[in-house]
Amino acid sequence: MAPSAVDAPTAWPEVRFAPRRLAHVNMYVADLDASFAFYHDVCGLELVFDESAIMARFLSNGNSHHDVALMGVNDRELRGRDGEVQKTSGRGSRPGLNHLAFEMATEAELVAGIGRMRAAELSVARLWDHQISRSAYVSTPWQVDLELYADSHRDWRGLYASLEGELLTEVWDPDAEPPSDEHRYVDTFDPLPPAGAAVRPVRTCSATIVVDDLPAAIAYYERIVGLTVLAADPGVDGWAVLGGTLGLPDLTVLAAVGDQPVGFHHLSLEVADGDELEASIARVEDAGVGIERRVEHPLKRSIVLRDPDGVPVEIVHHRPRPADPSSWFDGFVPPARDYVL
């Protein structure tokens with residue numbers, strides 16, 4: 001059997017899926033209703049599909065078929081629409097990250113990346129057809145599973161409507177037919193936050209993780225995932241900010257300090273501008289939701305909330321940056337751990 005990426009050496013082989021951006025975060029939650037209320041009523045994400053048979057709800061504000069997915073914790077084995085095991089009985093039995101999802105430009109690029117994984121004798125954990133997208137899942141050494149996916153349909157709302165009450169997922173064979181080289185991701189959209197929501201986000205814009213070997217993690221995300229380092233300090237308590245082909249700061253990677261646990265740290269939801277951030281702060285306070293931290297930084301202003309499972313959720317406005325993304329981090333000095341809590 002080919003080794004998984006978890007067992008691969010620090011000198012990772014060249015795979016480079018090269019996704020466009022981080023698109024969504026999928027989490028296991030202790031109380032599905034409570035977490036849904038937080039992400040819907042407070043964070044301003046709309047319910048777009050309820051896959052009740054597997055205790056999953058998908059939320060979006062319009063830029064993709066979901067920005068956040070919530071799955072209720074359980075010890076049951078779950079099967080997809082074709083009867084294949086989608087979740088083993090030992091997985092998802094406590095709150096935490098399920099996976100981070102990165103959007104590929106086309107299915108052809110996704111399939112090419114899968115081919116390079118196989119050529120490097122690295123295994124792909126799962127290959128799924130979710131109807132709205134086709135996906136390859138990869139495990140990492142830092143308790144952070146990744147989904148690399150390509151959209152299957154531009155009209156994801158119409159597809160969701162046609163699948164109401166059904167299961168979504170079945171096994172995908174990337175060799176069964178020639179992959180499409182058409183991009184089917186959303187180009188433009190109008191944000192559609194639920195009426196009365198405290199926050200009106202544009203999108204899920206980034207995630208932050210903690211690792212116990214920063215140089216190895218940077219190399220992994222560069223060489224396997226195909227992200228680009230936008231800025232980094234590889235010191236003992238260092239960090240790196242990486243982005244996909246759009247040049248956005250999609251992923252912050254932190255070196256673990258002391259007994260800090262390795263794995264997912266927090267997600268960030270972006271609002272349109274500074275005025276919207278101020279309005280969000282006012283609505284959050286009016287709703288009686290506690291603001292754990294306020295961050296003032298040359299690159300951004302943000303507040304940090306906690307979801308019902310204690311996961312930090314950053315509501316952020318990125319300050320204006322130069323047109324050239326490569327210069328965004330010129331002179332960047334992170335304010336220690338306050339930048340990420």
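1. Buried here means under 20% relative accessible area. Ala219 comes in at 15%, so Ala219 counts as buried. This residue belongs to helix 4, which covers residues 214-225. Keep in mind throughout that we're looking at a predicted model.

2. Staying with Ala219 for a moment, take a look at Trp12. The two residues are 207 apart along the chain, yet their C-alpha atoms are separated by 6.8 Å. Trp12 also turns up in an aromatic cluster, where ring pairs link it with Trp142, Tyr220 and Tyr221.

3. On the aromatics in general, I get a count of eight aromatic pairs. One of them is Phe49 with Phe58: the ring centres are 6.4 Å apart and the planes make an angle of 50°, so this pair is classed as tilted. Both partners, Phe49 and Phe58, are buried.

4. Two arginines are worth a click as well. Arg20 sits over the face of Tyr185, with 3.5 Å to the ring centre. Arg57 does the like with Phe36, lying over the ring face at 5.2 Å from its centre.

5. Now the big sheet. Nine strands make up an open sheet with mixed pairing, and the order is 2-3-4-1-7-10-9-8-11. Which strands stand at the edges? They are strand 2 (46-51) and strand 11 (170-171); each has a single partner strand, so one side of each has no neighbour in the sheet.

6. Strand 9 (133-138) deserves its own point. Six of its six residues are buried, and that holds for both faces: Ser133, Ser135 and Tyr137 are on one side, with Arg134, Ala136 and Val138 on the other. Note that Arg134 is one of these buried residues.

7. What does strand 9 pair with? Strand 8 is one partner, antiparallel and over four bridges. Across that pairing, Trp128 stands opposite Ser135 and Asp129 stands opposite Arg134. The two strands form a hairpin with three residues between them, and Gln131 has a positive phi near 70° there. Strand 10 (residues 146-151) is another partner, again antiparallel, with six bridges; in that pairing Arg134 faces Ala150. Arg134 therefore has Asp129 opposite it in one pairing and Ala150 in the other.

8. Further along the chain, have a look at strand 18 (residues 300-306). Six of its seven residues are buried, so the rest of the structure largely encloses this strand. Strand 17 (residues 293-297) runs antiparallel to strand 18, joined by five bridges, and Glu296 stands opposite Arg301. The hairpin connecting strand 17 to strand 18 passes through two residues.

9. Strand 18 also pairs with strand 19 (residues 312-318), antiparallel once more, through seven bridges. Leu305 stands opposite Val313 in this pairing. These strands form a hairpin too, with five residues between them, and Gly310 in the turn takes a positive phi of about 85°.

10. Next, the enclosed space. How many cavities of 30 Å³ or more are there? The count is three, and the largest cavity holds about 290 Å³ of space. It is lined by 25 residues, with Asn26, Gln86, His99, His130 and Tyr137 closest to the centre. Tyr137 is the residue from strand 9 that came up above as buried.

11. Several strands contribute to that lining. Those supplying at least two residues each include strand 1 (21-29), strand 3 (56-60), strand 4 (68-72), strand 6 (85-87), strand 8 (126-129) and strand 9. Strand 1 gives the most, with three residues. By class, the lining of the largest cavity has ten nonpolar, ten polar and five charged residues.

12. Last, the open side of things. The largest pocket has a volume of about 600 Å³. Its lining consists of 21 residues, and Arg94, Pro95, Gly96, Leu97 and Gln143 lie nearest the centre. Strand 7 (96-103) and strand 16 (263-270) are the elements that give two or more residues to this lining. The classes divide into eight nonpolar, ten polar and three charged. Strand 7 is worth following in the viewer, as it also supplies at least two residues of the lining of the largest cavity.

Terms used: Residues numbered from 1 in each chain as written. Predicted model: local features only at pLDDT ≥ 70, side-chain atom pairs only at ≥ 80, totals over all residues. Heavy atoms only, no water. Phe/Tyr/Trp six-rings, centres within 6.5 Å; stacked < 30°, edge-to-face > 60°. Buried < 20%, exposed > 50% of the residue type's maximum accessible area, 1.4 Å probe, protein only. Lys NZ or Arg CZ within 6 Å of the ring centre and 35° of its normal. 1 Å grid on protein atoms, 1.4 Å probe; cavity = no way out; pocket = protein on both sides within 12 Å on 5 of 7 lines; lining within 4 Å. Points joined across faces, edges and corners; volume = space filled by probe spheres on them. Nonpolar A, V, L, I, M, F, W, Y, C, P; charged D, E, K, R; others polar.
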